[in-house]
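Good morning, everyone, and thank you for making time for this. Please keep the sequence and the model open while I talk, since I will be pointing to places in both.

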Amino acid sequence: MTDILYWGISDQWKPRFELEDKPDDRDGFEAGYAVVRRLRRAVIALMDPSPLPKNKRLTREEAARYLVDADPHVRAEREELLDRTANQILEASLTRLAHLLKDPEHYDGSLGIDATVIATFARGTSTNGPHTSTDPDAGWYVREGDHRDPAISDQAAPAGRQGRPGHPEHNNPGGIRATQKTRRKAKIMFGYDVALAVSRNPHHDPQPGPGGCGDPKVLPALVMGMKLSKPGFDPGRNGIAVLTDIQRRGYPAGYVGADAAYNNSRPEDWQLPLRALGYQPTYGYRSDQLGIQAQAYGANLVEGTWYCPSMPPQLVTATQDLHRPEGDPAAIDAATWRTRVDARAPYALPPKGRPDKEGHQRYSCPHSAGQVHCELKSASMGTRPQLPLVQLTPSPTGPPKICAQTSITVAPEHGAKHWQPLAYGSREWQKIHPRLRNTSEGLHGYAKNDAHEAIERSQGRRMRGIAAQTLLLAFQLAHVNERKIGNWIDTLPGPDGKPRRRARRRETKPLGTWTPKSHLQPAS
């Protein structure tokens, strides 16, 4: 930074930064370096949302007093400034492709979003011990469960950052003695979670060009937004903060592929704000989230889609039956599962038009849409023999509302936790959701590569505190984008029609490869 500010930029910029000329020698560098250090401290102090002192261990009582005395409104303002600054650093790295990222022919606004752990340049201390770490804003990450340090209660979480209830207890160094067996099976790290939104147009299949050239219509996966937080706290709110900033910068809204940590959030923290921003969620589900997830006016939400209440039971439990243990008489194989998932389509409630401004969606009865035959609406019985016949379930209270009339209005709150616009397991879902999730995971590995940015390691960010870690990480991720864009440009045809670097092609797999084979186990 000192080299750039004093000897790497033009003279016309120095007055704007109010920087005096320094001689290009040892004394001049030391004087300039001292200025840069003071400026860095001033910048971080302006946007640090944490009132806790860094680089010293505090007693738990001292840390609690700092938190109680801090003004929550000031903390919120500083947090917003920090996030906007970090994302503006990322935006600068997207300049070369910003016009394509805002062009619907190249990018539809779809993203994969997920959090990944990074270490901080400080040693962790026992959560229940007498002192804090020298980086008191960080926390313990445990690979299992929701990744939170189980020794931290919801009451001890930062303001507005309470975790999900019912998290499993795991052994870890944050206050609970870790056994050798636990250390072998669980990844434990002291640091932060960084939520990253990664761009990907799932509708574009790369088409190799002549001479080993890449496809100019398929843009590289890029980090569009970020937010740092204590591990395991509020993935939903953090994700919404990232997506809100992306929209603020003028990018379109498409599908968002997220893991179970997000659709397990409270609807008011993730699912409803996500849809209000114009994004469409795609999810996978844990084994305890399969089958019927919610009901509205008699209609059943089965794995994210609204269906007729009389859909055959074997279609409702298809995914559950796929994952039954071998030898269970109700267990089915992947081919049978594929057939049953496809057979759900006629029973799905078709939407009537688009949702209104408040998110209410009108749905038709499958019979009214000409998808099934129903004895309750006998006018068209037998007119199209190829359609399935609904087998009604007798009820002493009479038919539900969806059966007694031709359509219903579903509010955004109905089934909000698990609703998604694509039928789970359908061919369209298999094309979009795994691509967004794989893109997100692939970018994490790309950025953690020890030969390049190595963001998981702390040695490249030797400053403590969430503000310092956020800003340094933003520059690392901006370099990830620069590297991705540079590599992509190198695969495009040059003046001679040949690429500077041949596009790498991995062996492709058929779409059926992504048939769900396993799910996360339910929380204990």
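I will speak about one glutamate and its surroundings, and after that about the nonpolar cores.

Please bear in mind throughout that this is a predicted model. Let me begin with glutamate 303, which sits in the loop that runs between strand E8, residues 299–302, and strand E9, residues 305–307. Is glutamate 303 buried or exposed? With a relative accessible area of 0%, glutamate 303 counts as buried, because that value is under 20%.

What, then, does the side chain of glutamate 303 meet? There is a polar contact of 2.9 Å between the side chains of glutamate 303 and arginine 344, and a polar atom of the glutamate 303 side chain also lies 3.1 Å from the backbone nitrogen of glycine 291. Setting aside neighbours within four places in sequence, the residues in contact with glutamate 303 include Tyr285, Leu290, Gln293, Gln420 and Tyr424.

Now to the cores. The largest nonpolar core has 36 residues, and those with the most contacts inside it are Leu101, Leu111, Leu243, Ile246, Trp270 and Leu274. Among the elements that give two or more residues to this core are strand E1, helix H7 and helix H14, and H7 gives the most, with four residues.

Leucine 111, if we leave out residues up to four places away in sequence, touches Leu243 and Ile246, and its other partners include Met224, Tyr279 and Leu436. Apart from this core lies another, of 31 residues, with Leu82, Phe190, Tyr192 and Leu443 among them.

Technical notes:
Residues numbered from 1 in each chain as written. Predicted model: local features only at pLDDT ≥ 70, side-chain atom pairs only at ≥ 80, totals over all residues. Heavy atoms only, no water. Buried < 20%, exposed > 50% of the residue type's maximum accessible area, 1.4 Å probe, protein only. Polar contact = N/O pair within 3.5 Å; in protein donor to acceptor, adjacent residues only side chain to side chain. Contact = heavy atoms within 4.5 Å. Core = buried A, V, L, I, M, F, W, Y, C linked by side-chain atoms within 4.5 Å.
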